[in-house]
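Me: I have a model open and would like to go through it by question and answer. Can we start with one helix and widen out from there?

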Amino acid sequence: MVQQKTLPAADNQLLDVATFELKSGATLIEASAGTGKTYTIQYIVLDLLFKGLSLSEILVVTFTEAATKELADRLQSFLTNVHSVLSGASVTAEDSLRAVLDRAIAAQGEAAVQNCLRRALLEIDQAAIYTIHGFCQRALQENAFAADANFDA
């Protein structure tokens, strides 16, 4: 069971990927193994893309290198599938995906949604998916002057 926690609010709610709307702030997904964290993250990323963010502006932090690799691979596959569904190349899509696409198309128009997905697929290598250690190392390297640290930290 995946829950959305928008920090610093204290109220937890079950997350339905077909109908959810992200609130401002950080979103924490807290769930046991095999409960759909990666599946949910895919939809959160899709929602953020439809709200105008690029993949490089979305940070996903995981615990292990294996989880990072799996998430990056599954996100690319998911976005490719979403693009196929939207372009008509694939007619099979789960109800949740259809609901998300219908909502985005109603809000922005089909051409804007297609452009958003094309841009995301072109930027897939820039997706900011890191382990905690990897993110901290990147932050220190990019902000060495502000952190008063060595560039090789």
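**Helix 3 and its surroundings**

Reply: This is a predicted model. In helix 3, the residues that count as buried are S96, L97, V100, L101 and A104.

Me: What arc do the buried residues of helix 3 cover around the axis?

Reply: The buried set is S96, L97, V100, L101 and A104. These residues sit on the same side of helix 3, because the arc they cover around the axis is only 125°.

Me: Which residues are exposed on the other side of helix 3?

Reply: Exposed means over 50% relative accessible area. On the side of helix 3 away from the buried residues, those that are exposed are D95 and A106.

Me: Which helices are included in what covers the buried residues of helix 3?

Reply: The residues to be covered include L97 and L101. Their cover includes helix 1 (37-50), helix 2 (65-87) and helix 4 (110-122).

Me: How far does helix 3 reach from its first C-alpha to its last?

Reply: Helix 3 spans residues 95-108, which is 14 residues. At 1.5 Å a residue, 20 Å is expected. The reach in the model is close to that, at 20 Å.

Me: Which residue follows helix 3, and what is its phi?

Reply: Helix 3 ends at residue 108. The residue that follows is G109, with a positive phi near 95°.

**Salt bridges**

Me: How many salt bridges does a search of the whole structure find?

Reply: Side chains of opposite charge can pair when their charged atoms come close. The cut-off here is 4 Å from nitrogen to carboxyl oxygen. Searching the whole structure gives a count of four.

Me: K69 and D73 meet in a salt bridge; what is the N to O distance?

Reply: Both residues lie in helix 2, four residues apart, about one turn of the helix. K69 counts as exposed at 53% relative accessibility, and D73 as partly exposed at 37%. Their side chains meet with an N to O distance of 2.9 Å.

Me: Which residue does E70 meet in a salt bridge?

Reply: E70 is partly exposed, at 41%. Its partner is four residues away in helix 2, so about one helical turn separates the two. That partner is also partly exposed, at 33%. The N to O distance is 3.1 Å, and the residue is R74.

Me: Is E123 buried or exposed?

Reply: The side chain of E123 meets that of R119 in a salt bridge of 3.9 Å, N to O. R119 counts as partly exposed at 33%. Buried means under 20%. E123 has a relative accessible area of 17%, so E123 is buried.

**Surface and whole chain**

Me: Which elements give two or more residues to the nonpolar patch?

Reply: The patch is formed by L59, V61, F63, I132 and F135, with about 480 Å² of accessible area together. The elements giving two or more residues are strand 4 (59-62) and helix 5 (132-142).

Me: In which order do the elements of the chain run?

Reply: The chain has six helices and five strands. From the N terminus on, the order is β-β-β-α-β-α-α-α-β-α-α.

Me: What share of the contacts with a separation of 6 or more comes from residues 24 or more positions apart?

Reply: The chain has 153 residues, of which 35% count as buried. Among contacts with a separation of 6 or more, the share from residues 24 or more positions apart is 61%.

Me: How much of the accessible surface belongs to carbon and sulfur atoms?

Reply: The accessible surface of the chain is about 9,000 Å². The part that belongs to carbon and sulfur is 54%.

Key: Residues numbered from 1 in each chain as written. Predicted model: local features only at pLDDT ≥ 70, side-chain atom pairs only at ≥ 80, totals over all residues. Heavy atoms only, no water. Expected span 1.5 Å × (residues − 1). Buried < 20%, exposed > 50% of the residue type's maximum accessible area, 1.4 Å probe, protein only. Arc of directions from axis to C-beta. Contact = heavy atoms within 4.5 Å. Areas by Shrake-Rupley, 256 points an atom, 1.4 Å probe, with all protein chains shown as cover. Patch = residues over 30% accessible without salt bridge, like charges linked within 9 Å, V, L, I, M, F, W, Y side chains within 5 Å.
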